[in-house]
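This report goes through one protein chain, from its overall make-up to single residues. Please keep the sequence and the 3D view open while reading.

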Amino acid sequence: MKTIAVWADTEGAPTTCRKCDAPIVFVRRTDSDKWTPFDGTRLVFVRTELDQVDTKPTRTIGYVDGASNHFATCPFAKEFRKRDK
Ligand SMILES: [Zn+2]
């Protein structure tokens with residue numbers, strides 16, 4: 001399973017996709033620090049780990065199933081990509 005690492009403490013309140021009205025949750029990715037929407041009303045972590053960088057308080061990194069990335073599952077995904085350019 002391809003997973004995406006996110007900062008668990010940035011999980012937002014459940015909302016809905018402006019394009020298809022599906023329930024989604026936004027969270028920041030650890031690699032790009034970009035807000036990314038995932039399917040569902042809350043995040044489901046495949047596994048979690050503590051950040052190795054010495055920050056206080058230590059942050060938790062959650063791994064989310066990459067297949068639930070709403071940028072990929074949304075019927076209007078092409079429009080998201082267009083806007084990113
Ligand atoms: Zn959508």
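The text below covers confidence, overall form, the two sheets, the nonpolar core and a few individual residues.

**Confidence and overall form**

The model is predicted. The mean pLDDT of the chain is 91, and 92% of the residues reach at least 70. Among the elements, strand 3 (residues 23–28) has the highest mean pLDDT, 98, and helix 2 (residues 77–84) has the lowest, 67.

There are 2 helices and 6 strands in the chain. Their order along the sequence is β-β-β-β-β-β-α-α.

The radius of gyration of the chain is 13 Å; a compact globule of 85 residues would have one near 12 Å, so the two values agree. The C-alpha trace spans about 40 × 25 × 25 Å along its principal axes. Of the 85 residues, 14% count as buried. Among contacts with a separation of 6 or more, 46% are between residues 24 or more positions apart.

**The sheet of strands 1, 6 and 5**

One open sheet holds 3 strands in the order 1-6-5, with antiparallel pairing. Strand 1 (3–7) and strand 5 (45–50) are its edge strands, and each of them pairs on one side only. From one strand to the next, the twist averages 25°.

Strand 1 is joined to strand 6 (residues 60–65) by 5 bridges in the antiparallel sense. In this pairing, T3 stands opposite D65 of strand 6.

Y63 lies in strand 6. Is Y63 buried, exposed or partly exposed? Y63 has 18 other C-beta atoms within 10 Å, and therefore it is partly exposed; the cut-off for a buried residue is 20 or more. Leaving out residues up to four places away in sequence, Y63 touches T3, A5, F45, V46 and R47. The C-alpha atom of Y63 is separated by 6.3 Å from that of V6, although the two residues are 57 residues apart along the chain.

**The sheet of strands 2, 3 and 4**

The order 2-3-4 describes another open sheet of 3 strands, also with antiparallel pairing. Its edge strands are strand 2 (15–16) and strand 4, each pairing on one side only.

Strand 3 pairs with strand 4 (residues 35–39) over 5 bridges in the antiparallel sense. Two positions illustrate this pairing: I24 stands opposite D39 in strand 4, and V27 has T36 of strand 4 as its bridge partner. The two strands form a hairpin with 6 residues between them, and D33 is in its turn.

**Two aspartates with positive phi**

Which residues other than glycine have a positive phi, and where do they lie? D21 is one of them, with phi near 70°, and D33 is another, with phi of about 65°. D21 is in the loop between strand 2 and strand 3, whereas D33 is in the loop between strand 3 and strand 4. The table sets out their values.

| Residue | Phi | Loop | Other C-beta atoms within 10 Å | Class |
|---|---|---|---|---|
| D21 | near 70° | strand 2 to strand 3 | 8 | exposed |
| D33 | about 65° | strand 3 to strand 4 | 9 | exposed |

A residue counts as exposed if 12 or fewer other C-beta atoms lie within 10 Å of its own. D21 has 8 such neighbours and is therefore exposed. With 9 neighbours, D33 is exposed as well.

**The nonpolar core**

Which residues make up the largest nonpolar core? This core has 8 residues: V6, A8, I24, V25, V27, F38, L43 and V64. Strand 3 supplies the largest share of this core, 3 residues. In soluble globular proteins, nonpolar side chains tend to be buried together.

V25 is one of the core residues. Apart from neighbours within four places in sequence, V25 is in contact with E11, G12, P14, P37, F38, G40, T41, R42 and L43. Of these contacts, F38 and L43 also belong to the core.

**Summary**

The chain has 6 strands and 2 helices. One open sheet has the strand order 1-6-5 and another has the order 2-3-4. Strand 3 has the highest mean pLDDT among the elements, pairs with strand 4 and gives the largest share of the largest nonpolar core. Helix 2, with a mean pLDDT of 67, has the lowest value among the elements.

Conventions:
Residues numbered from 1 in each chain as written. Predicted model: local features only at pLDDT ≥ 70, side-chain atom pairs only at ≥ 80, totals over all residues. pLDDT = per-residue confidence, 0-100. Helix = DSSP H or I, 4+ residues; strand = E, 2+ residues; numbered from the N terminus. Rg over C-alpha atoms; globule rule 2.2 N^0.38 Å. Contact = placed C-beta atoms within 7 Å. Core = buried A, V, L, I, M, F, W, Y, C linked by C-beta atoms within 7 Å. Pairing = 2+ DSSP bridges. Axes fitted to C-alpha atoms, helices over the stretch in contact; angles between N-to-C directions.
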